[in-house]
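Q: Please take a close look at the metal site of this model. Please then set the site in its surroundings, passing from the neighbouring strands to the pockets and the charged pairs.

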Amino acid sequence: MAVKKIVQIGDGVLRQKAKPVSLKNKVAIKKLLKDLTDSLHAAPLVGIAAPQIGLGLQVFLSEIRKTKLRDAKQVDSLRVFINPKIVNYSNKQTILVEGCGSLCHASIFGPVKRPSEVEVLALDENLKPFHLKANGLLAKIIQHEYDHLQGVVILDKFTDTRKCWVRSAK
Ligand SMILES: [Zn+2]
């Protein structure tokens, strides 16, 4: 188990464009996915991108666990996206209040407007290509994590910073 520190804004790695993952070294990919998964669970977050553990590589994970506030319909098990490409966005956009593990350890939240559906092409944990059409919370997570691979964070995207709020420390 290797829980990595979640890199916080101000660190240059969050502002770089991530590079494609080389598919030659399967052992290195396995380790990277394990570190990302462990860090995702420790945080705990609904998504994590490699730059958030200090690695400028095009890979992110999503996982929507059941919580007191989240209904069972939204639950979605762990997904791996290696070298992803969002190939289609819906015209319809919706606003969701988002937080980010790299923005004060997911303690600041604010409204972000994004397309409500996306289509993504990527490789899974076995390096098998897949095509996924996503909507709801998953579509938002995919776009949020994909932004991390472009060097974009939600701070750049809040539609109205007057509507941001802070969760007090646990
Ligand atoms: Zn984030």
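A: Along the chain, the donors of the zinc ion follow the spacing C-x43-H-x3-H. In this predicted model, the ligands are Cys100 through SG, His144 through NE2 and His148 through NE2, at 2.0 to 2.2 Å. Cys100 lies in the loop between β4 (93-98) and β5 (108-115), whereas His144 belongs to helix α2 (residues 136-150), so the pair ties together parts that are 44 residues apart in sequence. Cys100 has a relative accessibility of 3% and therefore counts as buried, the limit being under 20%. His144 is likewise buried, with a relative accessible area of 8%.

The two strands that flank the loop of Cys100 also take part in a sheet. An open sheet of 3 strands has the order β4-β5-β8, with antiparallel pairing. Its edge strands are β4 and β8 (165-166), each of which pairs on one side only. Between β5 and β8, which run antiparallel, there are 2 bridges. Across this pairing, Phe109 stands opposite Trp165 in β8. In general, the strands of a sheet pair through backbone hydrogen bonds, in either the parallel or the antiparallel sense.

Phe109 leads on to the largest pocket, a space of about 1200 Å³. Its lining comprises 36 residues, and those closest to its centre are Pro44, Val46, Arg70, Phe109 and Arg167. The elements that contribute two or more residues to this lining are β4 and α2. Helix α2 provides the largest share, 6 residues; this is also the helix that holds the zinc ligand His144. By residue class, the lining of the largest pocket divides into 16 nonpolar, 11 polar and 9 charged residues.

A further pairing joins strand β6 (residues 117-123) to strand β7 (residues 129-135), in the antiparallel sense and over 7 bridges. Within it, Leu121 stands opposite His131 in β7. The two strands β6 and β7 form a hairpin with 5 residues between them, and Leu127 in the turn has a positive phi of about 65°.

Leu127 appears again in the second largest pocket, where it lines the space together with Lys26, Ile29, Lys30, Leu33, Lys34, Thr37, Leu78, Val80, Glu125 and Asn126. The volume of this second pocket is about 180 Å³. Two or more residues of its lining come from each of α1 and β3 (76-89). Helix α1 gives the largest share, 6 residues. The lining of the second largest pocket is made up of 5 nonpolar, 2 polar and 4 charged residues.

Lys34, one of the residues lining the second largest pocket, also takes part in a salt bridge. Its partner is Asp38, with the closest N and O atoms 3.0 Å apart. Both Lys34 and Asp38 lie in helix α1, 4 residues apart, about one turn of the helix. Lys34 counts as partly exposed at 43% relative accessibility, whereas Asp38 is buried, with a relative accessible area of 7%. Helix α1 (residues 26-42) contains another such pair, Lys31 and Asp35, also 4 residues apart and about one turn of the helix from each other. The side chains of Lys31 and Asp35 meet in a salt bridge at 2.8 Å, N to O. Asp35 has a relative accessibility of 7% and counts as buried.

A salt bridge at 2.6 Å, N to O, links the side chains of Arg65 and Glu63. Here Arg65 is partly exposed, with a relative accessible area of 25%, whereas Glu63 counts as buried at 12% relative accessibility. Salt bridges that share partners also join Glu98, Arg114, Asp147 and Lys157 into one network. The count for the model comes to 10 salt bridges.

The picture of the metal site may be drawn together as follows. Cys100, from the loop between β4 and β5, and His144, from helix α2, coordinate the zinc ion together with His148. Strands β4 and β5 continue into the open sheet with β8, and β4 and α2 each give two or more residues to the lining of the largest pocket.

Methods:
Residues are numbered from 1 along each chain as its sequence is written. This is a predicted model: local features need pLDDT of at least 70, side-chain atom pairs count only at pLDDT 80 or more; totals for chains, interfaces and linings use all residues. Side-chain values use heavy atoms; hydrogens and water are left out. A salt bridge is a side-chain nitrogen of Lys or Arg within 4 Å of a carboxyl oxygen of Asp or Glu. Buried means under 20% relative accessible area, exposed over 50%, partly exposed in between (1.4 Å probe, protein chains only). Donors are N, O and S atoms within 2.8 Å of the metal (3.2 Å for Na, K and Ca); water is not among the atoms, so sites may look incomplete. Two strands pair if DSSP finds at least two bridges between them. On a 1 Å grid over the protein atoms alone, a cavity is a set of points where a 1.4 Å probe fits but cannot get out, and a pocket is an open set with protein on both sides within 12 Å along at least five of seven lines; lining residues have an atom within 4 Å of a point. Grid points are joined across faces, edges and corners, and a volume is the space filled by probe spheres set on the points. Ala, Val, Leu, Ile, Met, Phe, Trp, Tyr, Cys and Pro count as nonpolar, Asp, Glu, Lys and Arg as charged, and the others, Gly among them, as polar.
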